[in-house]
Amino acid sequence: WIYVRPVLKKMPSAFRADRDKGSVMGWSAMFLFYIPLALTNFINLGARPIMQMGLARGPLPLESLAIWPVTMGFIFLYSSFALSSQEIVIARLDGAESRRTLILFVSRLAAVLAAVFILVLITPLWRYWFSGVSGLSDDLIKLSAMPVLLSFPVTPLYAFIALFRGALVRSRRTREVTIGVAVNV
């Protein structure tokens, strides 16, 4: 609050006018907005032990548990770019023109992420990640090939998930975000 005071004084009056229009949320509106978003993190974090329990009870439990974090880290390496675009959507979605621009941006981002993912998969770079960076043995690298290939569509799809989530958050429909996360889990 102390550090933002000088910045607020320098901001154009158009930005400060929002406060006068009643766009500031009250406590009840804030809770209705925030609680579903907090639940999405709770659901996601709660699903991890359930998934690991399933891996531990499935075929090749030790091998599956060994490649799971490495594979997820590899996928997150690419999908993190897409997931971070949600904040751009929340900040910039305002009307038909910005919607078209954001859809074009997200489409291009998804295409670039898919191309880079494929490029890494068809070169020895993916083996370097799994052996050199992550330290998996050759047997575990062979087991990780199929999960990585099957997870390929996830990377570009995350860009569109971020677009839709950002649009829902922007319109303050966070309950739908939580329902979507619960259905996904």
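Helices (H or I, at least four residues) and strands (E, at least two) are DSSP runs, numbered from the N terminus. This is a predicted model: local features need pLDDT of at least 70, side-chain atom pairs count only at pLDDT 80 or more, and totals for chains, interfaces and linings use all residues. Residues are numbered from 1 along each chain as its sequence is written, and side-chain values use heavy atoms, with hydrogens and water left out.

**Stop 1: the whole chain**

Show the protein chain as a cartoon. You will find 10 helices and 0 strands. The radius of gyration, taken over C-alpha atoms, is 21 Å. The globule rule (2.2 Å times the number of residues to the power 0.38) gives 16 Å for 185 residues, so the chain is more spread out than a compact globule. Along its principal axes the C-alpha trace spans about 65 × 35 × 35 Å.

Now turn on the surface. The protein chain exposes about 12800 Å² (Shrake-Rupley method, 1.4 Å probe). Carbon and sulfur atoms supply 69% of that area. Buried residues (under 20% relative accessible area; exposed is over 50%, partly exposed in between; 1.4 Å probe, protein chains only) make up 25% of the 185 residues.

Contacts are heavy atoms within 4.5 Å. Among those between residues at least 6 apart in sequence, 75% join residues at least 24 apart.

**Stop 2: Thr 71**

Select helix α4, residues 61-83, and pick out Thr 71 within it. Is Thr 71 buried or exposed? Thr 71 is buried, at a relative accessible area of 5%. Next, add Phe 130, Ser 144, Pro 147 and Val 148 to the selection. Thr 71 touches these four, with residues up to four places away in sequence not counted.

**Stop 3: helix α10**

Move to residues 174-184, helix α10. Colour Thr 174, Val 177, Thr 178 and Val 181: these are the buried residues of the helix. Look down the axis of α10. The buried residues fall within an arc of 95° (directions from the helix axis to the C-beta atoms), so they line one face of the helix. An α-helix has 3.6 residues a turn, so residues three or four places apart point the same way.

Show α3 (27-57) and α9 (154-170) too. The buried residues of α10 pack against both. Rotate to the other side of α10, where Arg 175 and Val 183 are exposed.

**Stop 4: Ile 179 and Pro 36**

Stay on α10 and select Ile 179. Ile 179 is partly exposed, with a relative accessible area of 43%. Finish with a distance to Pro 36. The two residues are 143 apart in sequence, yet 8.7 Å apart in space, C-alpha to C-alpha.
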